[in-house]
Amino acid sequence: MTVDFNKLWADPDTPDRERKRLLAHIIEDATLIKMPAEGTTKIHVRFKGGKIQTLSTMSPKSSAQQVKTPPGIVELVDKLLDKHIYSEIAELLNEQGYRPGGSARRGRHGARFTALLVAYLVHRYGLRSRYDRLRDRGMLTKREAAARLNIHETTLARWAEHGLVARHAYNAHYCLYEIPASNPPRKQCSRWNRLVDRAAPFKTATVPKPSTEAEGAVV
């Protein structure tokens with residue numbers, strides 16, 4: 001066996017049970033020492049002849065670790081929250097080829113990010129919500145913005161559609177509003193000064209839409 005050990009071990013016809021028996025003839029014992037901080041395991045092997053050899057290998061991941069979202073993706077979600085809502089973040093992650101941790105499960109290789117999954121990551125890792133980030137930047141709710149401009153909330157929505165006021169979505173259904181710091185818009189009669197014309201000087205990210213207001217309406 002000493003002469004033919006390598007040949008027997010490498011022979012594809014040698015069953016695993018026989019390989020275990022071969023090892024039992026040359027190894028006295030093996031001591032495993034886990035290194036959690038490094039994610040590795042050291043193996044001290046003592047052979048029958050007294051020689052000791054130390055090996056190092058990556059520790060196998062638990063089932064929970066295998067489906068855990070990588071830290072890099074969590075950091076990317078944190079950055080994207082500054083400018084995007086959950087559904088947009090999910091789309092961006094999928095476009096860039098990222099996959100959720102659950103894709104490691106059997107039969108889930110095609111799993112993709114969804115708005116609900118991004119929301120879970122934000123909650124699970126304690127990321128600051130997009131709403132709070134916008135509020136920190138001075139954005140106002142619809143009621144607050146309407147009160148600040150002394151207009152009705154419906155009028156505020158029309159102004160936002162035409163670009164007089166910038167609005168920033170914090171989820172799929174609701175927005176916060178940004179009022180220009182200087183020269184904020186004021187109520188005027190749309191008969192003489194249509195919204196579509198008033199919107200021209202304002203530089204906002206919202207694409208102007210055709211006015212649908214009735215002639216003579218006060219806005």
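**Aromatic pairs, nonpolar cores and local contacts**

The structure holds two aromatic pairs, and the description that follows concerns a predicted model. A pair of aromatic rings is described by the distance of the centres and the angle of the planes. In the pair formed by Y131 and Y170, the ring centres are 4.9 Å apart and the planes stand at 75°, so the arrangement is edge-to-face. Because Y131 belongs to helix α7 whereas Y170 sits in the loop between β4 (166-169) and β5 (175-178), this pair ties together parts that are 39 residues apart in sequence. The other pair, made by Y170 and Y174, is stacked, with a distance of 6.5 Å from centre to centre and an angle of 20° between the planes. Y131, Y170 and Y174 thus form one aromatic cluster. With regard to accessibility, Y131 counts as partly exposed at 28% relative accessibility, and Y170 is likewise partly exposed, with a relative accessible area of 22%, whereas Y174, at 51%, counts as exposed.

Helix α7, which spans residues 130-136, also contains R133. Since buried means under 20% relative accessible area, R133, at 12% relative accessibility, counts as buried. The side chain of R133 is joined to that of D78 by a polar contact of 2.4 Å, and a polar atom of the R133 side chain lies 2.7 Å from the backbone oxygen of R128. When neighbours within four places in sequence are left aside, the residues in contact with R133 are D78, L81, D82, L127 and R128.

Attention now turns to the nonpolar interior. The largest nonpolar core has 14 residues, and those with the most contacts inside it are V77, I89, L93, F113 and V118. Two or more residues of this core are given by each of the elements α4, α5 and α6, and α4 contributes the most, with five residues. For L93, again leaving aside neighbours within four places in sequence, the contacts are with I73, L76, V77, L80, Y98 and F113. A second core, separate from the one just described, comprises 12 residues and includes A146, L149, L156 and A160.

Helix α6, formed by residues 115-124, has V118, L121 and V122 as its buried residues. Seen down the axis of α6, these buried residues fall within an arc of 100°, and they therefore line one face of the helix. The covering of the buried residues of α6 includes α4 (71-80) and α5 (86-95), while the face turned away from the buried side carries L116 and H123, which are exposed. After α6 comes G126, a residue whose phi is positive, near 65°.

A positive phi is also found at G50, which lies in the hairpin of β2 and β3 and takes a value near 105°. In this hairpin, four residues stand between the strands. Strand β2 (residues 40-47) and strand β3 (residues 52-58) pair in the antiparallel sense, and the pairing extends over seven bridges. One of the residues involved is T40, whose bridge partner in β3 is M58.

Note on methods: Residues numbered from 1 in each chain as written. Predicted model: local features only at pLDDT ≥ 70, side-chain atom pairs only at ≥ 80, totals over all residues. Heavy atoms only, no water. Pairing = 2+ DSSP bridges. Buried < 20%, exposed > 50% of the residue type's maximum accessible area, 1.4 Å probe, protein only. Arc of directions from axis to C-beta. Contact = heavy atoms within 4.5 Å. Polar contact = N/O pair within 3.5 Å; in protein donor to acceptor, adjacent residues only side chain to side chain. Core = buried A, V, L, I, M, F, W, Y, C linked by side-chain atoms within 4.5 Å. Phe/Tyr/Trp six-rings, centres within 6.5 Å; stacked < 30°, edge-to-face > 60°.
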